[in-house]
Amino acid sequence: MYAGCVFEALATAVDEIDIGADPDALAAVLALRDRLDARISAAVAAVDAAALWEIDGATSMTAWLADRGRTTRRRAARATREARLVARLPHTGAAWAGGTLSSGQVEAICANLDGDLVDLFARHEAAVLPDLAPLPATDVATAMATWRACADDRPPAPDPPQRLHAARLLDGRLAVDGTLGAETGELLLTALRLARTDDVEGEPARTGATRRADALGDICRFFLDHQREHRGGRHRPHINLVVELDRHGDIGAARTLGGTPVDRVSAGRLLCDSVLHRVVVGSGSAILDYGRAIRAVPPPLWNVTVLRDRHCRFPGCDRPPGWCEAHHVRPWEKGGVTAPGNLVLLCSRHHHLVHRPGWRAELLADATLRVTDPRGRVRTTRAPVATGPPGDVPLPLAG
């Protein structure tokens, strides 16, 4: 009866609380939530120890938490593991419940413990916690990692395997999630930082997450464009795309061979520099003819374009040729020729941009590129003055 009254009072308090735009009030509520987290963790440990999750037909405490807590299996597994560890750390549990330690600090402590080390830390926690309490959670993690390195005299265990999950969503996008080792993680962060591009004037600013996603796409294109096993020059597009043209020659629809829709802007950019097959389709989608492959921009013509442009020609961008694609200023499907006078180097980001509605690019006879944004503002760039071949462009041999 008493517990029921407490929960009713808690529910009433939650309903009536109004934090508003008050940073101090928000910080106070977050601290209260941490103390509630401590009590929930203690309850999870108690229910788990008594195997009471079996009453509801669950197969484990993790499964019960995922179901009744309406959370993901990952969060449920972490909560179960954390509850089991804290149950063996009386000082840590008391400091958490009393508000001396935050939930983030406790998570950092538990992340550096396992079944063999938790009892050792239990002997040290009373002396260690006063030094950990004032630290940010990230510094607690660093301090605990140092303690673990000194305390653990076992041979280092092999790192857990890396995992990367990629699942196609119902709207055609891809959800990516995973855990990388320290070395791979540092490689990824470095590559994303180097591949990241600045925002373009006239376009809405991108969030950091969007910048990283765009950079990841550029990294994948760069790798696929420079596969060492493909000899004899560039190895171009790596996506099989079915494009339907309307009676005016415009892109009507596009999709991958798996049926995933591709927007017109992306399809138009891909058509600029790709290996194309003409497929004639009759009624009932019967294939009547499968024409020979046509490389939109063959390696010799690509090299000529690189020697002229040297880098991405979008105003203000100097990304090198290895990060660029050949853009047909007059679209190929609209009769644009595959010739230097109709080609210009654009990095993937700016190539995608000029295909968007409202953006227009024009290549003048002297190779000046004129770019007009959706607001009608015009910026121009001239082909760089040649001072020698770019490092990654092969020169023809004499003789």
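Two strands count as paired if DSSP finds at least two bridges between them, and helices (H or I, at least four residues) and strands (E, at least two) are DSSP runs numbered from the N terminus. The structure above is a predicted model, in which local features need pLDDT of at least 70 and side-chain atom pairs count only at pLDDT 80 or more, while totals for chains, interfaces and linings use all residues. Residues are numbered from 1 along each chain as its sequence is written, and side-chain values use heavy atoms, with hydrogens and water left out.

**Exercise 1. The chain as a whole**

Find how many helices and strands the chain has, and what percentage of its residues is buried.

Solution. Begin with the elements: the chain has 13 helices and 11 strands. Then turn to burial, where buried means under 20% relative accessible area, exposed over 50%, and partly exposed in between (1.4 Å probe, protein chains only); of the 399 residues in the chain, 31% are buried. Finally look at contacts, meaning heavy atoms within 4.5 Å: among the contacts in the chain with a separation of 6 or more, 53% come from residues 24 or more positions apart.

**Exercise 2. Two helices that meet**

At what angle do the axes of helix H7 and helix H8 cross, and which residues make the contact?

Solution. Two packed helices are described by the angle between their axes and the distance between the axes. Axes are lines fitted to C-alpha atoms, for helices over the stretch in contact, and angles run from 0 to 180 degrees between N-to-C directions. With that in hand, the axes of H7 (residues 118-132) and H8 (residues 137-151) come within 12 Å and cross at roughly 145°. On the H7 side the contact is made by Leu 120, Phe 121, His 124 and Leu 132, and on the H8 side by Val 140, Ala 143, Met 144, Trp 147 and Ala 151. Sorting these residues of the H7 and H8 contact gives eight nonpolar, one polar and no charged, where Ala, Val, Leu, Ile, Met, Phe, Trp, Tyr, Cys and Pro count as nonpolar, Asp, Glu, Lys and Arg as charged, and the others, Gly among them, as polar.

**Exercise 3. The sheet of three strands**

In what order do the three strands of the open sheet S9, S10 and S11 stand, and which residues stand opposite each other in S9 and S10?

Solution. The three strands form an open sheet in the order S9-S10-S11, with antiparallel pairing. Its edge strands are S9 (360-363) and S11 (378-381), each of which pairs on one side only. Neighbouring strands of this sheet are turned against each other by 20° on average, direction ignored.

Next, follow the bridges. S9 is joined to S10 (residues 369-372) by four bridges; Arg 360 has Thr 372 of S10 as its bridge partner, and Ala 361 stands opposite Val 371 in S10. S10 is joined to S11 by four bridges as well, with Thr 380 of S11 as the partner of Arg 370.

Last come the turns. S9 and S10 form a hairpin with five residues between them, and Ala 367 in that turn has a positive phi of about 70°. S10 and S11 also form a hairpin with five residues between them, and there Gly 376 has a positive phi of about 85°.

**Exercise 4. An enclosed strand**

Why is strand S7 described as largely enclosed by the rest of the structure?

Solution. Five of the five residues of S7 (residues 324-328) are buried, so the strand is largely enclosed by the rest of the structure. In a regular strand the side chains alternate between the two faces of the sheet. Here Cys 324, Ala 326 and His 328 point one way from S7, whereas Glu 325 and His 327 point the other way, and all are buried. S7 pairs with strand S8 (residues 343-347) in the antiparallel sense over five bridges, and Cys 324 stands opposite Cys 347 in S8.

**Exercise 5. Cysteines and disulfides**

How many disulfides does a search of the whole structure find?

Solution. A disulfide is a pair of cysteine sulfur atoms within 2.5 Å, and the search finds zero. Cys 317, for instance, is in no disulfide, as its nearest cysteine sulfur, that of Cys 312, is 3.7 Å away. Cys 317 is buried at a relative accessible area of 11%, and Cys 110 also counts as buried, at 2%.
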